[in-house]
Amino acid sequence: QVQLVESGGGLVQPGGSLRLSCTASGTIFTNNAMGWYRQAPGKERELVAFITRGGSTSYLDSVKGRFTIATNGAENTVYLQMNSLKPEDTAVYYCHADTQTTEIGRTERYWGQGTQVTVSS
């Protein structure tokens, strides 16, 4: 089993910054990708950013140039640096890991519990 633990959410003023972290633990052979989704009240969950094991990244258009996703050297922790935050970034942010628990096992997606980000003056 794989567990994801997130941290770093909170309340910030417009234009401010936050850094989210998410660490995966448990039976992990490799994380093929890790990323962040968000869900605002009354809206569907949307993909914010992801990063592959090879280092390729992809971002939601509305966060390009403001958010940066990265992993640590062991690739079991994913970070989301969020700068120039806007009220429309307010949401619960969920990290995910696309994980193989064995060398020949299939890749399965695991989720964190979510962390609240509120951008308000």
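These legends accompany several close-up views of one predicted model.

**View 1. The nonpolar core and the strands that build it.**
Let's start in the interior, where the largest nonpolar core has 27 residues. Leu4, Trp36, Val48, Phe67, Leu80, Met82 and Tyr93 have the most contacts inside this core. Strands S1 (2-7), S3 (18-26), S4 (30-39), S5 (46-52), S7 (67-71), S8 (77-82), S9 and S11 (115-119) each give two or more residues to the core. Such grouping fits a general tendency: in soluble globular proteins, nonpolar side chains tend to be buried together.

**View 2. Leu80 and its surroundings.**
Here we zoom in on one of the core residues with the most contacts, Leu80. Leaving aside neighbours within four places in sequence, Leu80 is in contact with Leu18, Arg19 and Leu20, with Trp36, with Val48 and Ala49, with Phe67, Thr68 and Ile69, and with Tyr93.

**View 3. Strand S1 and its two faces.**
Val2, Leu4 and Glu6 form the covered face of S1, while Gln3, Val5 and Ser7 form the uncovered one. The pattern is a familiar one, because in a regular strand the side chains alternate between the two faces of the sheet. S1 pairs with S3 in the antiparallel sense, over 6 bridges. For orientation, look for Gln3, which stands opposite Ser25 in S3.

**View 4. Asp98 and its partner Arg109.**
Asp98 belongs to strand S9 (residues 91-100). Is this acidic residue buried or exposed? Asp98 counts as buried because its relative accessible area is 13%, below the 20% cut-off. The Asp98 side chain makes a polar contact with the side chain of Arg109, at 2.7 Å. Not counting residues up to four places away in sequence, Asp98 touches Thr30, Asn31, Asn32 and Ala33, as well as Thr107, Glu108 and Arg109.

**View 5. The aromatic pair of Tyr37 and Trp111.**
The model has 1 aromatic pair by the rule used here. The ring centres of Tyr37 and Trp111 are 5.2 Å apart and their planes meet at 65 degrees, so the pair is edge-to-face. The pair links distant parts of the chain, with Tyr37 in strand S4 and Trp111 in strand S10 (residues 107-111), 74 residues apart. Tyr37 is buried at 17% relative accessibility, whereas Trp111 is partly exposed at 37%.

**View 6. Tyr110 in strand S10.**
Tyr110 lies in strand S10 and is buried, with a relative accessible area of 12%. Its C-alpha atom is 8.5 Å from that of Cys95, although the two residues are 15 apart along the chain. Besides Cys95, the contacts of Tyr110 beyond four places in sequence are Gln1, Val2, Leu4, His96, Ala97, Thr99 and Thr101.

**View 7. Two arginines over tyrosine rings.**
In one case, the charged end of Arg19 sits over the ring of Tyr79, 4.1 Å from the ring centre. In the other, Arg45 lies over the face of Tyr94, at 3.9 Å from the ring centre.

**View 8. Ser84 and its backbone.**
Our last stop is Ser84, found in the loop between S8 and S9. What is notable about its phi? Ser84 has a positive phi of about 50 degrees although it is not a glycine. Most residues other than glycine have a negative phi. Ser84 is partly exposed, with a relative accessible area of 40%.

Technical notes
Residues are numbered from 1 along each chain as its sequence is written. This is a predicted model: local features need pLDDT of at least 70, side-chain atom pairs count only at pLDDT 80 or more; totals for chains, interfaces and linings use all residues. Side-chain values use heavy atoms; hydrogens and water are left out. Helices (H or I, at least four residues) and strands (E, at least two) are DSSP runs, numbered from the N terminus. Buried means under 20% relative accessible area, exposed over 50%, partly exposed in between (1.4 Å probe, protein chains only). A polar contact is a pair of N or O atoms within 3.5 Å; within protein, one must be able to donate a hydrogen and the other to accept it, and residues adjacent in sequence count only if both atoms are side-chain atoms. Contact means heavy atoms within 4.5 Å. A nonpolar core is a set of buried Ala, Val, Leu, Ile, Met, Phe, Trp, Tyr and Cys residues joined through side-chain atoms within 4.5 Å. Rings of Phe, Tyr and Trp (its six-membered ring) pair if their centres lie within 6.5 Å; planes under 30 degrees apart count as stacked, over 60 as edge-to-face and the rest as tilted. A charge sits over a ring if NZ of Lys or CZ of Arg is within 6 Å of the ring centre and within 35 degrees of the ring normal. Two strands pair if DSSP finds at least two bridges between them.
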